[in-house]
Amino acid sequence: MRRGLSYDERVEFLAGDVVVRPVRPRDLDALIDLIADHAAFERSEVDRNHLRGALPQNIFGEVPRAVILVADLDHDIVGYLAASIEFSTWQAAEYLHMDCLYLTPECRGQGAGRMLMDAAVLYADERGLGWMEWQTPDWNAYAIGFYERLGAVAKSKVRFSLAVEGTSGAVPEPACGDAGV
């Protein structure tokens, strides 16, 4: 990782023809397509219209809730990483929670995933966040191998979601393979 520059100056760097950079408003349609592809890969689905209406305020608004980095190959968005700052009561400290990391199948294994992860680590480091956490489906051996090669350590947990009636139009994300059940 390059040192001596700020996150914004360092996050845009190259591996071959791929540039990793923060998402821009003009990327929204391509990002939504990738999010939908990612959901399908994980045997789920998303509401594209809901995303088109809700994502902008959460990533480009006055107080963005999430950071999204994209892998750009010749002005074509071929991957993304979405993360947000969360709080650990056990550590009494903030950390970076990676919600999604997804690359198009043809771009996997080419270095873009590592570039996205390096940019997220840089983002966390510059904000004084001591670690990152994320989850991946237990059947995704390719992703598990990738994360282990990065030096990440798996934690044994079961992920739950619970709908909270009347608070928003959003519904909890179904477990992998549970869409439509």
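User: In this predicted model, how are helix 4 and helix 5 oriented to each other?
Analyst: Two packed helices are described by the angle between their axes and the distance between the axes. In this predicted model, helix 4 (residues 112–126) and helix 5 (residues 141–150) have axes 12 Å apart and pack at an angle of about 55 degrees. Angles under 35 degrees count as roughly parallel and those from 65 to 115 as roughly perpendicular. The angle of about 55 degrees falls in neither range, and helix 4 and helix 5 are therefore oblique.

User: Is the crossing of helix 4 and helix 5 left-handed or right-handed, and which residues of helix 5 make the contact?
Analyst: The crossing of these two helices is right-handed. On the side of helix 4, the contact is made by G113, R114 and M117. On the side of helix 5, the residues are F146, R149 and L150.

User: How many residues of the contact of helix 4 with helix 5 are nonpolar?
Analyst: Two residues of this contact are charged and one is polar. The nonpolar residues number three.

User: Which elements do the buried residues of helix 5 pack against?
Analyst: Helix 5 has A143, G145, F146 and Y147 as its buried residues. One of them, F146, also belongs to the contact with helix 4. The elements that the buried residues of helix 5 pack against are strand 5 and helix 4.

User: Which residue just after helix 5 takes a positive phi?
Analyst: Helix 5 covers residues 141–150. Just after helix 5, a positive phi of about 100 degrees is taken by G151.

User: Which element gives the most residues to the largest nonpolar core?
Analyst: The largest nonpolar core holds 26 residues, and those touching the most other members are A71, L81, L96, M98, L101, L116 and M117. Two or more residues each come from strand 2 (18–22), strand 3 (67–73), strand 4 (76–88), strand 5 (93–103), helix 4 and helix 5. With eight residues, the element that gives the most is helix 4.

User: Leaving aside its neighbours within four places in sequence, which residues is M117 in contact with?
Analyst: M117 is among the residues that touch the most other members of the largest nonpolar core, and M117 also takes part in the contact of helix 4 with helix 5. With neighbours within four places in sequence left aside, the contacts of M117 are L81, M98, L101, M132, W134, F146 and L150.

User: How many residues does another core, apart from the largest one, have?
Analyst: Among the members of this other core are L31, I35, I68 and Y80. L31 and I35 are also among the helix 2 residues in contact with helix 3. The core that lies apart has 16 residues.

User: How is helix 2 oriented to helix 3?
Analyst: Helix 2 and helix 3 (residues 48–60) pack with their axes 10 Å apart, at an angle of about 120 degrees. Angles from 65 to 115 degrees count as roughly perpendicular and those over 145 as roughly antiparallel. The angle of about 120 degrees lies outside both ranges, and that makes helix 2, relative to helix 3, oblique.

User: How many charged residues does the contact of helix 2 with helix 3 have?
Analyst: The crossing is right-handed. Helix 2 contributes L28, D29, L31, I32, D33, I35 and A36, whereas helix 3 contributes R48, L51, R52, L55, P56 and I59. By class, nine residues of this contact are nonpolar and none is polar, and the charged residues number four.

User: Is D37 buried, partly exposed or exposed?
Analyst: D37 is placed in helix 2 (residues 28–41). Its C-alpha atom is separated by 9.4 Å from that of L103, 66 residues apart along the chain. The relative accessibility of D37 is 36%, so D37 counts as partly exposed.

User: Is T104 buried or exposed?
Analyst: T104 lies in the loop between strand 5 and helix 4. Leaving aside neighbours within four places in sequence, T104 is in contact with L34 and V78. Because its relative accessibility is 12% and the cut-off is under 20%, T104 counts as buried.

User: Is H75 buried or exposed?
Analyst: Most residues other than glycine have a negative phi. H75, in the loop between strand 3 and strand 4, has a positive phi of about 70 degrees although it is not a glycine. Its relative accessible area is 79%, and the cut-off is over 50%, so H75 is exposed.

Technical notes
Residues are numbered from 1 along each chain as its sequence is written. This is a predicted model: local features need pLDDT of at least 70, side-chain atom pairs count only at pLDDT 80 or more; totals for chains, interfaces and linings use all residues. Side-chain values use heavy atoms; hydrogens and water are left out. Axes are lines fitted to C-alpha atoms, for helices over the stretch in contact, and angles run from 0 to 180 degrees between N-to-C directions. Helices (H or I, at least four residues) and strands (E, at least two) are DSSP runs, numbered from the N terminus. A crossing is left-handed if the near helix is turned anticlockwise from the far one by less than a right angle, and right-handed if clockwise. Contact means heavy atoms within 4.5 Å. Ala, Val, Leu, Ile, Met, Phe, Trp, Tyr, Cys and Pro count as nonpolar, Asp, Glu, Lys and Arg as charged, and the others, Gly among them, as polar. A nonpolar core is a set of buried Ala, Val, Leu, Ile, Met, Phe, Trp, Tyr and Cys residues joined through side-chain atoms within 4.5 Å. Buried means under 20% relative accessible area, exposed over 50%, partly exposed in between (1.4 Å probe, protein chains only).
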